[in-house]
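Me: Could you take a close look at one part for me, the largest cavity, and tell me what lines it?

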Amino acid sequence: MGLSLLLLIFFPIIMAAIFLLFDNSNIRKAAVFFMSLVLIALMAYVLLGGSREVTLNEGTKIALEYLITFADYFLMAVMFLIGLKYNNKIIMALVVLQFVPLTIFEFTSGKIEIQDVFYVDHLTMIMLMLINVVGPLIAIFALQYMKEHEHHLHLKKSKQNVFFATIALFLGAMNGIVLSNSIAWIYFFWEITTLCSFLLISHDKTKESINNAQRALLLNSIGGVAFVIGIILTYKYANTLEITQLLKSGDASLLIVPIAFLVLAGSTKSAQLPFQSWLLGAMVAPTPVSALLHSSTMVKAGVYLILRLAPLYIDNWLGQIVAVFGGFTFAVAALLAITQTNAKRILAYSTISNLGLIILLSSIPSIFAIYGAALLIVLHGVSKALLFLCVGTIEQGIGSRDIEDMDGIRTRMPLTANMTILGAVSMLLPPFGVLITKWIAIEAATSNPIALALVIFGSAFTVVFWSKFIGKIISTDKNYVRIEKFEALRHTPLYIITLLVTLVSIFMIQFSNTFIAPFIKEAYSRFSNIDQAALENLKIKDFMGFNPVVFFGILLLSIFLGYVIYVMFKPKRYVNSYVSAEDTVDGKFLSIKDENVELTFKNYYLSDILSEKKVTFAANIVSIALIVIMFGVIIK
């Protein structure tokens with residue numbers, strides 16, 4: 001088992017070296033498929049092994065400890081040099097603020113014994129599935145996408161070897177984060193993801209991409225400083241850095257201060273207010289990067305850490321304020337999404353919003369809340385991967401990512417458009433699971449009135465922006481011609497992710513009882529105000545009377561009957577839309593002075609009422625105040 005866990009971390013890193021060494025498209029294509037198959041096989045093997053703590057032999061463990069210690073400082077040196085190269089003094093200062101306390105800690109704490117270096121529970125399994133299934137599918141999609149991307153950039157020399165090497169490194173680091181039982185080891189892999197995100201966002205080397213990559217590095221380095229403080233204080237109060245030992249400790253109240261710093265680190269990684277700008281800036285990167293950051297890597301690392309640590313703070317006041325913090329981000333990000341026309345920015349705000357909801361759910365002492373948080377990580381991951389890849393495909397097809405330019409996209413690009421509709425519907429409507437998690441959130445947040453209000457407002461805003469998005473995609477216009485052809489490398493991953501989105505929603509109950517219920521039993525058996533009797537007997541039969549299998553069956557039957565009725569009673573003629581004016585025969589209408597005006601459909605973006613800049617400024621102030629209040633109370 002130890003070897004398979006090591007391979008999940010280091011095999012992608014070895015593949016990264018191969019991508020760098022062999023800059024050949026055929027070798028790269030073969031290597032991506034080989035890496036994908038091996039990662040999926042290793043993941044399946046680990047899942048079959050079940051929940052366990054894993055100890056390596058002493059020699060391997062010592063070698064890994066030295067390797068990680070050395071690599072920690074190497075990473076800091078690289079980040080400092082990046083700050084030096086771009087004359088970004090804040091980045092350099094943040095690296096120093098990690099280097100100095102970490103070095104003092106290393107020299108003064110003596111040898112820190114880690115008995116079980118890896119920890120596999122059902123939360124780890126959920127994350128492994130997300131990383132090693134969705135991640136490789138995005139990499140396969142990128143083979144075709146990056147070829148066209150570089151063609152449009154008119155590059156003389158391809159940079160795809162660096163691109164795919166960074167993606168492979170990213171996947172290895174994510175596996176390291178979710179498998180490590182030591183907080184110090186998690187920090188090491190955490191910082192690798194920070195560096196990888198910088199490299200991927202700045203991949204095109206334009207001025208805009210470099211500036212946004214620096215912003216991502218800077219804001220995530222703030223999280224890095226918080227992480228280092230969290231490590232030092234955790235060891236000071238608990239005398240251990242092992243997650244399993246922390247979760248087993250009898251009194252978690254002493255850990256409130258270090259946990260608060262680690263939650264702050266997780267919030268920066270998950271782009272919560274006021275740290276959201278790095279994720280919005282990351283939209284300049286090639287679309288597979290956006291899909292990767294939003295679904296199976298970067299931002300999911302942040303919510304994973306918070307959910308992992310939740311048993312240590314969920315039953316005290318820190319849980320209450322973190323829940324409000326997450327709920328505030330959920331509502332404000334959803335509100336800002338209403339103002340956007342750029343499809344990638346809509347998806348980015350949607351991600352920030354949903355991550356806020358996950359943090360809110362992670363911080364409420366309720367079985368259903370924790371259940372909703374874990375389920376939403378999966379549902380959001382697969383749906384957002386599909387949506388980003390579809391938007392990237394549409395952008396390469398029509399040359400725009402503005403949803404106002406997507407009229408008739410079902411005629412022009414029917415394959416991608418239909419999958420985009422399914423992805424968007426899965427984020428909004430029943431019987432798909434994201435709506436179920438919002439339903440759970442409303443039920444669970446009744447114990448925290450502020451959080452409850454934020455969930456209600458955020459859910460309402462969500463309906464508005466998704467309805468506008470879907471409305472544009474489903475619009476039809478026979479004046480357009482089809483421009484889309486099936487491309488195996490591009491469309492096969494899309495079809496597989498579409499299938500995953502559907503299967504996860506249909507079999508939510510079975511998935512929950514296999515992975516999420518065992519995780520809750522394992523993690524919350526000792527802490528919190530969660531009803532222990534209910535915990536012991538936890539088994540999901542339905543969602544407050546809602547059974548997805550039954551609902552999907554009714555839905556499919558309705559679609560079939562609807563199609564039969566349509567064929568039987570198909571209308572003989574169609575009339576133009578009534579627009580309170582005289583229609584002409586060519587789809588136009590007569591306006592004032594009998595001028596011919598073409599009929600168009602546009603969304604309303606509330607631009608007269610909502611200014612993204614002003615709302616963001618006000619929201620950042622409130623969110624900073626919430627963080628100050630959180631630390632002000634714990635220091636007191």
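Reply: Here's a walk around that cavity and its lining.

First, the small print: this is a predicted model, where local features need pLDDT of at least 70, side-chain atom pairs count only at pLDDT 80 or more, and totals for chains, interfaces and linings use all residues. Residues are numbered from 1 along each chain as its sequence is written, and side-chain values use heavy atoms, with hydrogens and water left out.

Rolling a probe the size of a water molecule over the atoms shows where empty space is left. A cavity here is a set of points, on a 1 Å grid over the protein atoms alone, where a 1.4 Å probe fits but cannot get out; lining residues have an atom within 4 Å of a point. Grid points are joined across faces, edges and corners, and a volume is the space filled by probe spheres set on the points.

The structure has three cavities of 30 Å³ or more, and the largest comes in at about 60 Å³. Around the largest cavity sit Val263, Leu264, Ser267, Ile321, Phe325, Leu626, Ile627 and Met630. At least two lining residues come from each of three helices: α10 (256-269), α14 (317-337) and α25 (612-635). Helices are DSSP runs (H or I, at least four residues), numbered from the N terminus.

As for chemistry, seven of the lining residues are nonpolar, one is polar and none is charged. In that scheme Ala, Val, Leu, Ile, Met, Phe, Trp, Tyr, Cys and Pro count as nonpolar, Asp, Glu, Lys and Arg as charged, and the others, Gly among them, as polar.

Notes:
On a 1 Å grid over the protein atoms alone, a cavity is a set of points where a 1.4 Å probe fits but cannot get out, and a pocket is an open set with protein on both sides within 12 Å along at least five of seven lines; lining residues have an atom within 4 Å of a point.
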